[in-house]
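Subject: Handover of a structure and summary of findings

Dear colleague,

Please find below the structure that I am handing over to you. My account of what was found in it follows.

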Amino acid sequence: MAAPGMLIQGLRFLSPAEARAALDTGALLLDLRSEDLFAMKQFQVPAALHIPHVQLEQRIAEVPRDRPLVLADTSGVFLRPAAAVLAAHGILDFTCLNGG
């Protein structure tokens, strides 16, 4: 069976429905939005961890390695840099929320 989502420039993107299914089966949403945007609205998901994209490198030890991650930000602009940080630290089991 093929992996869900679509591959774009080396990153796998999930639709909101696919992301929700991943979260419902144990994935963790890694919310990369800034503090201001996080304060405006929180994602309504079973499990999420908020680490603003500008803090990811410094807070990498907080990112679990024992479950898949779904990366999300407001517009998707910071997904590729965040993916690079995760990969540099050996964290490879992640997908990205399409649309941010």
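**Overall architecture**

In this chain of 100 residues, 36% count as buried. Please keep in mind that the model is predicted. Three helices and six strands make up the secondary structure of the chain. Following the sequence from its start, you will meet these elements in the order β-β-α-β-α-β-β-α-β. Among contacts between residues with a separation of 6 or more, 57% join residues that are 24 or more positions apart.

**The largest pocket**

The largest pocket holds about 180 Å³ of space. Its lining consists of 13 residues, and those nearest the centre are Leu-14, Ala-22, Pro-68, Asp-93 and Thr-95. Which elements each supply at least two residues of this lining? They are helix 1 (residues 16-24), strand 5 (69-72) and strand 6 (94-97). By chemical character, the lining divides into nine nonpolar residues, two polar ones and two charged ones.

**Two residues to examine: Thr-95 and Ala-19**

Thr-95, named above among the residues nearest the centre of the pocket, belongs to strand 6. Is Thr-95 buried or exposed? Its relative accessible area is 16%, and because this falls under the 20% limit, Thr-95 is classed as buried. Leaving out residues up to four places away in sequence, Thr-95 touches Arg-12, Leu-14, Leu-69, Val-70 and Leu-71.

Ala-19 is located in helix 1. With a relative accessible area of 4%, Ala-19 is buried. Its contacts, again without residues up to four places away in sequence, are Leu-14, Val-70 and Leu-97. Leu-14 and Val-70 are thus touched by Ala-19 and are also touched by Thr-95. The C-alpha atom of Ala-19 is separated by 9.2 Å from that of Pro-4, a residue 15 positions away along the chain.

**The loop at Gly-26**

Between helix 1 and strand 3 (residues 28-31) there is a loop, and Gly-26 lies in it. The relative accessible area of Gly-26 is 32%, so this residue counts as partly exposed. Which residues does Gly-26 contact, once its neighbours within four places in sequence are set aside? The contacts are with Arg-67 and Pro-68. Although Gly-26 and Arg-67 are 41 residues apart along the chain, their C-alpha atoms are separated by 6.9 Å. Pro-68, the other contact of Gly-26, is also one of the residues nearest the centre of the largest pocket.

**Salt bridges**

How many salt bridges were found? The count comes to three, and each is described below.

- Arg-20 and Asp-24: their side chains meet in a salt bridge with an N to O distance of 3.1 Å. Both residues lie in helix 1, four residues apart, which is about one turn of the helix. Arg-20 is partly exposed at 36% relative accessible area, and Asp-24 is likewise partly exposed at 48%.
- Arg-33 and Asp-31: the N to O distance in this salt bridge is 2.7 Å. Asp-31 is found in strand 3. Arg-33 is buried, having a relative accessible area of 8%, and Asp-31 is buried as well, at 2%. The side chains of Asp-31 and Arg-33 are also recorded as joined by a polar contact of 2.7 Å.
- Arg-59 and Glu-62: the closest N and O atoms of this salt bridge are 2.9 Å apart. Glu-62 is partly exposed at 40% relative accessibility, and Arg-59 is partly exposed at 23%.

Why are the partners of one bridge classed as buried and those of another as partly exposed? The classes depend on relative accessible area, because a residue under 20% is buried and one between 20% and 50% is partly exposed. Arg-33 at 8% and Asp-31 at 2% are therefore buried, whereas Arg-20 at 36% and Asp-24 at 48% are partly exposed.

**Where to begin**

As you study the model, you may wish to start with helix 1. This helix supplies at least two residues of the pocket lining, includes Ala-19, and holds both Arg-20 and Asp-24. From there you may proceed to the loop that contains Gly-26 and then to Asp-31 in strand 3.

Yours sincerely

Technical notes. Residues are numbered from 1 along each chain as its sequence is written. This is a predicted model: local features need pLDDT of at least 70, side-chain atom pairs count only at pLDDT 80 or more; totals for chains, interfaces and linings use all residues. Side-chain values use heavy atoms; hydrogens and water are left out. On a 1 Å grid over the protein atoms alone, a cavity is a set of points where a 1.4 Å probe fits but cannot get out, and a pocket is an open set with protein on both sides within 12 Å along at least five of seven lines; lining residues have an atom within 4 Å of a point. Grid points are joined across faces, edges and corners, and a volume is the space filled by probe spheres set on the points. Ala, Val, Leu, Ile, Met, Phe, Trp, Tyr, Cys and Pro count as nonpolar, Asp, Glu, Lys and Arg as charged, and the others, Gly among them, as polar. Buried means under 20% relative accessible area, exposed over 50%, partly exposed in between (1.4 Å probe, protein chains only). Contact means heavy atoms within 4.5 Å. A polar contact is a pair of N or O atoms within 3.5 Å; within protein, one must be able to donate a hydrogen and the other to accept it, and residues adjacent in sequence count only if both atoms are side-chain atoms. A salt bridge is a side-chain nitrogen of Lys or Arg within 4 Å of a carboxyl oxygen of Asp or Glu.
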